[in-house]
Structures are given as structure tokens and as C-alpha cells.
Amino acid sequence: MSKTIVMSSGGALMRYKNELKKLPKSKHKFFTFSSSFMFCVNELGIYPDYFSFIDPNSAMPILEHICNSKEKIKTKIIFLDPLHTKLSYKDYIKWYGTTPVGRINNFGGWKRLHELVNKLQKNNNIINIPCYTTRYLNNNPNTIISNKVIIYKNSDTDNPDKLTSVILPLLDRLKIYDISLIGFDCVGGRYIHNLGDEYTLSKCPELKNIKEKFVVLPGANRGLEESKQSISKFLPTWLKKFNITNLVEDQYTFLKNFIPYQPINTLINGK
């Protein structure tokens, strides 16, 4: 039975890299969030079926890669509309919060983001998903929600996990309900870009001595305690709608409290 492998940028990606390499030969699809897109490209030698993001800072190197590639990339790219497509940076702050792309012009700044988004809109593999954020709705209580995806984000200090606040709402819209997770474990660091940008170097100065463009930093765990809180609060509700397994062994994941472990080899064998 076909499943969708839903990936984020947690350090478990590298722990299970050899097993994951065998999955592209099967019939499962790959839905990537943030830097896990480049993990698929760099470590697995594939382009995933989907790419999604919320903060443009993690997406800019990927959008540049896709725009500059001479290879025809068939990945479906998900933009949140108007969050990624139309809002000025000033309005993005009102909807969601700050990002280094707008705050310090990281990776070319907000103008470059819209240049990349507009360029990619010409492709036939773009999915623009209309959305509101809870922050926007709280400030505009008379808004008619209609048929829009709701992204959870209430304040600048609020740092919800991306699984329940972004990814599951997107998958719900796409009607993808049978999924296996990897990289959402709230432990084990992150797979991040190492492209010499000011923001990443300020948070992870150890990157100055590393040559690889994308690496796992075991100590990059900022914000994960807050993520555990929102997972505990919201994931049980989502589990009523989704069939979810986790591809990370219980000793390496916070999700063991909510989601059953599924060995990757069962997916390789098509189970």
C-alpha cells in the first residue's frame, strides 16, 4: 500500500539515510518541509514529490536551486497565498512574524523572495494554497474564513511545532491522510544549510569550520521545547483524521508519546 513519506529537517534524516535511500525504488511519495528538500537532493539523489515551507529563510536556498537548475524539476512547490505570494514584509509580520529574509535582507531579502516566487509561478507544478493565520484572524475577528487553510501562529514569541501548525493543515487540504513521518522528533539537531549567510552563522558559528553546504548540527535544538508543548496540545486532535506512523525509533523521538513506530524496511517491502 502506498504511503506518503513526510519529512522535516530533524537530525534523524541522517541517522536513517541508508534505509531511506532504498525507498525511491518503491511506490511511496515524498512530501518535504524546509531543508529536507535538499536532504533528498544531496543525500538520496532524488527530487521529492512536494516541497513546502513557512519561513522563507529556510526556503530561499531551495527556491534558488530550483530556479537555477537546468534539470526539469517536477516537484510540486507549495506557496501559501498571500503569505508567500503577495504580502509586503510589513504585512507578513502582521500575519505571521519576523524572518531574517525581511529583517536583515538575508539571501537577498524580501524583494528577491518575490522575484523567485513570481518566476516559479510560470511553472505548471505550483500549488498556491489560500490561507489565513490565527494571528491575522485574532486581529481581524470579522473575517470570513471560507475555504482557506488556517496556519497556527499567534505572536512573535509563539513558536509552535510545524507539524501541527503548518504541515497537517496542508496535507488535509491536499487530502493526503496516510503518512509516515521522519524529522519531527524535537531532539537530535537539524539538517541545515551552510551557505555563509549572516543569520545562520550568528546562530551556529561552528559552521565556519565546515565545508559542506548542508549538514546536521546535533546541537541545533532551539525552539524544540516549545514545539513539544504544541504537539502535546494539538496532535491528538489531528490523529482522529490521519493515519500516521513514525519512522524514527522510540528512543530517538518525542513523538513516541503519540504515534507508533514503523520500521522503514516495512515500507521498502511495500507493507
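Helices here are DSSP runs of at least four residues and strands are runs of at least two, both numbered from the N terminus. With that in hand, here's a quick tour of this predicted model. The protein has 12 helices and 10 strands, and its two biggest pockets make a handy way in, with helix H4 helping to line both the largest and the second largest.

**Overall build**
- The protein's radius of gyration is 18 Å, which agrees with the value near 18 Å that a compact globule of 271 residues would have.
- Measured out along the principal axes, its C-alpha trace spans about 50 × 45 × 40 Å.
- Buried residues make up 54% of the 271.

**The largest pocket**
- This one has a volume of about 1,300 Å³.
- Its lining takes in 49 residues, and Asp55, Asn159, Lys162, Arg190 and Arg222 are the ones that lie nearest the centre.
- Which elements each supply at least two residues of that lining? They are helix H4 (56-68), helix H6 (100-103), helix H9 (162-174), strand E8 (190-193), helix H10 (198-203) and helix H11 (224-238).
- Sorted by class, you get 20 polar, 16 nonpolar and 13 charged residues around this pocket.

**The second largest pocket**
- Here the space comes to about 210 Å³.
- The residues around it are Ile66, Cys67, Ser69, Glu71, Lys72, Ile73, Lys74, Lys119, Leu120, Asn123, Asn124 and Asn125.
- Two elements give two or more residues to this lining: H4 and helix H7 (109-120).
- The class split is 4 nonpolar, 4 polar and 4 charged residues.

**A closer look at H4**
- H4 runs for 13 residues and reaches 17 Å from first C-alpha to last, close to the 18 Å expected at 1.5 Å a residue.
- Is H4 mostly covered or mostly open? Mostly covered, with 10 of its 13 residues buried.
- The buried ones are Pro56, Asn57, Ser58, Ala59, Met60, Pro61, Ile62, Leu63, Ile66 and Cys67.
- Two of these, Ile66 and Cys67, are buried in H4 and also turn up in the lining of the second largest pocket.
- At the start of the helix, a side-chain oxygen of Asp55 comes to within 2.9 Å of the backbone nitrogen of Asn57.
- Asp55 is also one of the residues nearest the centre of the largest pocket.

Note on methods: Residues are numbered from 1 along each chain as its sequence is written. This is a predicted model: local features need pLDDT of at least 70, side-chain atom pairs count only at pLDDT 80 or more; totals for chains, interfaces and linings use all residues. Side-chain values use heavy atoms; hydrogens and water are left out. On a 1 Å grid over the protein atoms alone, a cavity is a set of points where a 1.4 Å probe fits but cannot get out, and a pocket is an open set with protein on both sides within 12 Å along at least five of seven lines; lining residues have an atom within 4 Å of a point. Grid points are joined across faces, edges and corners, and a volume is the space filled by probe spheres set on the points. Ala, Val, Leu, Ile, Met, Phe, Trp, Tyr, Cys and Pro count as nonpolar, Asp, Glu, Lys and Arg as charged, and the others, Gly among them, as polar. The expected span of a helix is 1.5 Å times one less than its number of residues. Buried means under 20% relative accessible area, exposed over 50%, partly exposed in between (1.4 Å probe, protein chains only). A polar contact is a pair of N or O atoms within 3.5 Å; within protein, one must be able to donate a hydrogen and the other to accept it, and residues adjacent in sequence count only if both atoms are side-chain atoms. The radius of gyration is taken over C-alpha atoms; the globule rule is 2.2 Å times the number of residues to the power 0.38.
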